[in-house]
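Please open the model in your viewer and keep the sequence panel beside it. The tour below moves from one selection to the next and says at each stop what is to be found there.

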Amino acid sequence: MLKAITLKTIITTTAILVFGSTAALAHVTLEGKDAPVGSTYKAVLRVPHGCEGKPTNTVRVQIPEGFYGVKPQPKAGWTLDKVKGAYAKAYDNHGSPVTEGVKEVVWSGGNLGDDEYDEFVLRGTIAADLKAGDMLYFPVIQECPEGLKERWIEVPAAGQKASDLELPAPGVKLLQKTGN
Amino acid sequence: MTPLCHKALSLTGTLQRFVFAILLWSVMTAAASAHASLNTTEPRDGSVVSTAPRVIALTFSEPVSPTSLKLTRPDGSIAPLKNFVLKDKAVEITPPGDLKDGSYLLSWRVVSEDGHPIGGSVVFSIGRSNADVRGTAADIDWPVRAGLWIGKLALYVGLLFGVGGAFAIHWFADGSRNALRQVLATLCIGFAGALLSAGFQGLDTVGEPISRLVAPAVWKAGMATSFGPTVIFAIAALALAGLALASGRGRDARWISISAVITAAFSLCLSGHASAADPQWLMRPAVFLHVAAIAIWAGALLPLLAEFGQDKEAGGAALHRFSVFIPWAVLVLAVAGGVLAVVQIRTPAGLVTTAYGIVFLVKLGLLALLFALAAINRWKLTSGSKKGEPAAIRQLVRSIAAETVILLLIFAVAATWRFTPPPRTLLAEVQRTAAVHLETSKAVADVKITPDRVGQLAISAVIAKSDRSLLDPQEVAVVLSNPGAGIEPIRRKAEKGKDSWTVPDIVLPIPGRWRLRLDVIISDFEITRMEGEIEIAP
């Protein structure tokens, strides 16, 4: 029994720590916290609130360099736009080079209340030559009525932590390449 | 399986479920919860409300609990706000009941459910925004103002008609006793004015109502200002003039009367806007000569009237001496007055845009009238009057009486300058600007804060790329905080101007070192935060 209580205490403490630390990142965030390089990654963007109490009408995501072959998931009630452009370099798609693709994804015309929660999903490939241990950031802008915007676009500078930022961009931690 | 084993297993199962539940719950809540953010405030940030709010409400994006609420008053004092209730997502604060007109800053710090503290500041103004924090602290006390004005006018009457009168009696009218009563009366008015001025100056200095006029502390405060020496020398000048009158005819009386004029002119150059202006070596002598010349001109009028009333021949002789001397006095008067006006008003625009300039224009108008009358006297009536032509004398007497009235009006107008800061000082205030250069890897900014002192101020920033090439940001926000004084960030969106971004009115309630930050949205997905510090003067 004594052992159980001790365990319970440890677990509770751990849970609080987990809860506390994740909550501190709770702006617009990515569900999958890490992903290996050279693999496909499903980015699930979680939008927890609107702008100053106003509903979100548009969600824009900037696709980082090194994340290619992007396919966003359509959402009922939202218009989906893909802004395409040239990549900084060619990426390998099963042997054929890819030099351009989606650079920005826009879900617009929706109405996500400030007191509601939703997720926006896109899928793509993380380039194999990205460095494991680095973060890959997906800057997001929420647009609301009256020109209000919430921008989650800040990337930590050297020596800065994401928790120091007021408007941190959601990011995913890159892991070592798996398989092969 | 032994019962003990069974129990242990079931316990493990419970534990597992418990762990799973906790983890699931933590992930879910983590996804759903966010940092609290301030959604609305009542009164709104940056707003001006007509009456003191009974409740100040801060509405957040989620329930919060305050850890610090502080109100900075217009005078810069900071009071903690203990009286608040939590209503769902709102914090409703009951401020102290005695909020006077002026600008207030509410610095808040709250902790939301996720345990993350956030802070900010809300600025609102009651009645009007703090154009000048110190100036709006007290309302205009009209009885005290009236007292100051009457005192000043009476002092001018005494020093210019009275002391000048004593001078004229001895230098133009050969020590005649005809104007004795009139001049003595003006000296008495001046004496009363000097005393009254000291008292009201004290009331004005300590900000007390007229009922406190009898308090010794008030008089002490009045005499402690730069006006104190003016009062002392004015009384000395009045006394010397009285002595000159009592000394009969002769050289002694003449010299006493001239020393009275010098003392009177000296007394007025010891205080006042004009005397305080730079360059002092020019301004103080200019005030001195201006006052002395007016005293000689104005002072001659009552004795001349009296002489013509009594004895036409003596009047003619006095008029002759006066008219020989007066052009020089007028020349000095005009040159010194011109110097004072140029230094005080600086720009032609200052004439019409400031109260001081308008007072000057009114005075100038009256002066033009006065000069016209004086010119008629001098060139049309004087020769006839000296010869004793009755019609000319009648007209001259009427004209001199009119001159006296106009001079009195001019003194009355000039006495209102006591309440109007000259454009020179207004310009000086506007021109006091703090500048700070901010730089990040993405941009540079030159920020100007005008004026660089507490109260309402404007901020403008010229933003460029690091290589000084053109940068056209989407949005710019200015964030000011004073961590030393516990003032959380005040945030204002800047307006885009022709070549700079401006926040036209932001109120900083206390002096000291403030942290300044520009949040520059360079493009949709690119932001740079530029930080620096500014010094805000009291």
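Helices and strands here are DSSP runs, numbered from the N terminus, a helix having at least four residues and a strand at least two. With that numbering in hand, and bearing in mind that this is a predicted model, select residues 38–42 and 47–49 of chain B, which are strand 1 and strand 2, and look at the loop between them, where B:Pro43 lies. The peptide bond that leads from B:Glu42 into B:Pro43 is cis, its omega being near 0 degrees.

Go next to strand 11 (443–450) and strand 12 (455–465) of chain B, whose connecting loop holds B:Pro451. Here too there is a cis peptide bond, joining B:Thr450 and B:Pro451, with omega at about -10 degrees.

Continue along the chain to the loop between strand 12 and strand 13 (475–482) of chain B and select B:Arg468. This residue is not a glycine, yet its phi is positive, about 70 degrees. Is B:Arg468 buried or exposed? It is exposed, since 8 other C-beta atoms lie within 10 Å, and the cut-off for that class is 12 or fewer.

For another positive phi, select B:Asp174, in the loop between helix 3 (142–171) and helix 4 (180–206) of chain B. Its phi is near 60 degrees, and this residue, too, is something other than glycine. B:Asp174 has 14 C-beta neighbours inside 10 Å and therefore counts as partly exposed.

Now display chain B as a whole, which contains 14 helices and 18 strands. Of its 538 residues, 40% count as buried, and among its contacts between residues at least 6 apart in sequence, 68% join residues at least 24 apart.

To look inside chain B, select B:Val163, B:Ala260, B:Ala264 and B:Ala295, the residues with the most contacts inside the largest nonpolar core, which has 86 residues. Helix 9 (residues 280–310) of chain B supplies the largest share of this core, namely 20 residues. A second, separate core has 80 residues, including B:Phe84, B:Ile487, B:Val503 and B:Ile536. Returning to B:Ala260, and leaving aside residues up to four places away in sequence, you can show what this residue touches: B:Val163, B:Ala166, B:Phe167, B:Ala237, B:Leu240, B:Ala241 and B:Ala244.

Keep helix 9 of chain B on screen and add helix 13 (residues 390–415) of chain B. Two packed helices are described by the angle between their axes and the distance between the axes. In this pair, the axes come within 10 Å and cross at roughly 150 degrees, and the crossing is left-handed. On the side of helix 9 of chain B, the contact is made by B:Ala298, B:Leu301, B:Leu302, B:Leu304, B:Leu305 and B:Phe308, while helix 13 of chain B brings B:Ile393, B:Val397, B:Ile400, B:Ala401, B:Glu403, B:Thr404 and B:Leu407. Colouring this contact by residue class gives 11 nonpolar residues, one polar and one charged.

Finally, select chain A, which has one helix and 12 strands. Read along the sequence, its pattern is α-β-β-β-β-β-β-β-β-β-β-β-β. Of the 180 residues of chain A, 31% count as buried, and 70% of the contacts in chain A between residues at least 6 apart in sequence join residues at least 24 apart.

How values were computed: Residues are numbered from 1 along each chain as its sequence is written. Chains are lettered from A and ligands numbered from 1 in the order in which they are written. This is a predicted model: local features need pLDDT of at least 70, side-chain atom pairs count only at pLDDT 80 or more; totals for chains, interfaces and linings use all residues. A residue is buried if 20 or more other C-beta atoms lie within 10 Å of its own, exposed if 12 or fewer, and partly exposed in between; C-beta atoms are placed from the backbone. Two residues are in contact if their C-beta atoms, placed from the backbone, lie within 7 Å. A nonpolar core is a set of buried Ala, Val, Leu, Ile, Met, Phe, Trp, Tyr and Cys residues joined through C-beta atoms within 7 Å. Axes are lines fitted to C-alpha atoms, for helices over the stretch in contact, and angles run from 0 to 180 degrees between N-to-C directions. A crossing is left-handed if the near helix is turned anticlockwise from the far one by less than a right angle, and right-handed if clockwise. Ala, Val, Leu, Ile, Met, Phe, Trp, Tyr, Cys and Pro count as nonpolar, Asp, Glu, Lys and Arg as charged, and the others, Gly among them, as polar.
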